[in-house]
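Q: Could you walk me through one part of this model up close? I'd like to start from a single position and then work outwards.

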Amino acid sequence: MLPVPAMNVELADQLLTTTRSVRKRLDLKRPVETALIQDALEIALQAPTGSNAQGWHFVVVTDAKKRAGVAALYKRAFGLYTSSGSPMRTELPPEDLRAQQFPRILDSAAYLAEHLHEVPVHVVPCVEGRVENAGVLAQASVYGSILPAVWSLMLALRARGLGSAWTTLHIMFEQEAASLLGIPADITQTALIPIAHYSGKTFKPADRLPARELTSWETWGRRRA
Ligand SMILES: Cc1cc2nc3c(=O)[nH]c(=O)nc-3n(C[C@H](O)[C@H](O)[C@H](O)COP(=O)(O)O)c2cc1C
């Protein structure tokens, strides 16, 4: 017999399966209460860090001029990303789920690139240290010490009626963003999370490849019967 769940699994699973990248459903007109951001950040800091380093830092940007500056960098990066031919994963056959989902995602991403300056709150999660010239262990440890907190932040926001989206494109111009936000040279920016109240009531789980196809048991490539 399976053990009795220690918490409301249904509710936890609902949060975990319906926290989507929110772009078109961000309410650009409604202000975001500072306390909601602060509460969600407190929850995010329950995430693990390598050696309990806790070298994380979150830059919350609400100032309209600064948001406009960050959004301009993001838009420039989005333009380069889409014009380079890189976004469309041409190696995928047309029947692949990811190839089918791509045009919708790109359309949604283009909307965000156009409207990022209007999103009331931007959060730039940062981590102490620079690992661009370090080995894979250092890279895994440094990024692994901030990314769980970022996802927790997005989950906590969603539970409070706030939508967000994980974005990274502005990092193409990381130094320019650092100058704009006064971020020191030994700090790494890891993402840019636009945050706003979301419109509509709920979100659906996404279609994903089945876990079975992506899981090996004991040896790479060995599926479970
Ligand atoms: C590492 C990472 C980088 C991402 N960068 C961007 C980005 O720069 N812009 C964007 O619009 N979405 C970005 N996304 C969001 C993905 O496009 C999104 O998670 C994916 O399309 C699946 O959609 P869903 O989150 O709604 O399930 C990023 C997601 C991750 C995890």
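Take T190: is this residue buried or exposed, and which backbone atom lies 2.7 Å from a polar atom of its side chain? After that, tell me what surrounds the ligand.

A: Bear in mind that this is a predicted model. T190 is buried, because its relative accessibility is 5% and the cut-off for buried is under 20%. You'll find T190 in the loop that links β4 (187–189) to β5 (193–197). As for the partner, a polar atom of the T190 side chain lies 2.7 Å from the backbone oxygen of P125.

Now for another loop, the one between α2 and β1 (56–61), where S51 sits. S51 is exposed, since its relative accessibility comes to 77% and exposed means over 50%. Q54 is also found in the loop between α2 and β1, but Q54 counts as partly exposed, with a relative accessible area of 41%. Have a look at the backbone there too. Most residues other than glycine have a negative phi. S51 isn't a glycine, yet its phi is positive, at about 55°. Q54, another residue other than glycine, has a positive phi near 50°.

Helix α2 itself covers residues 34–44, and I37 is part of it. I37 is buried, given its relative accessible area of 6%. If you trace from I37 to R98, you move 61 residues along the sequence, and the two C-alpha atoms are 32 Å apart in space.

On to the ligand. Around it you'll see R20, S21, R23, Y74, I105, A109, W166, T167, T168, L169 and R208. Sorted by class, that shell holds 5 nonpolar, 3 polar and 3 charged residues. Several polar pairs are worth picking out on screen. A polar atom in the S21 side chain is 2.6 Å from a ligand oxygen. R208 also uses its side chain, with a polar atom 2.9 Å from an oxygen atom of the ligand. With W166 it's the backbone: one of its polar backbone atoms lies 2.8 Å from a nitrogen atom of the ligand. On its own the ligand has 620 Å² of accessible area, and the protein covers 65% of that. And if you're hunting for the largest pocket, it's the space that the ligand takes up.

Conventions
Residues are numbered from 1 along each chain as its sequence is written. This is a predicted model: local features need pLDDT of at least 70, side-chain atom pairs count only at pLDDT 80 or more; totals for chains, interfaces and linings use all residues. Side-chain values use heavy atoms; hydrogens and water are left out. A residue is near a molecule or strand if one of its heavy atoms lies within 4 Å of it. A polar contact is a pair of N or O atoms within 3.5 Å; within protein, one must be able to donate a hydrogen and the other to accept it, and residues adjacent in sequence count only if both atoms are side-chain atoms. Accessible areas come from the Shrake-Rupley method with a 1.4 Å probe; for residues, only the protein chains shown count as cover. On a 1 Å grid over the protein atoms alone, a cavity is a set of points where a 1.4 Å probe fits but cannot get out, and a pocket is an open set with protein on both sides within 12 Å along at least five of seven lines; lining residues have an atom within 4 Å of a point. A molecule sits in a cavity or pocket if more than half of its atoms lie within 2 Å of its grid points. Ala, Val, Leu, Ile, Met, Phe, Trp, Tyr, Cys and Pro count as nonpolar, Asp, Glu, Lys and Arg as charged, and the others, Gly among them, as polar. Helices (H or I, at least four residues) and strands (E, at least two) are DSSP runs, numbered from the N terminus. Buried means under 20% relative accessible area, exposed over 50%, partly exposed in between (1.4 Å probe, protein chains only).
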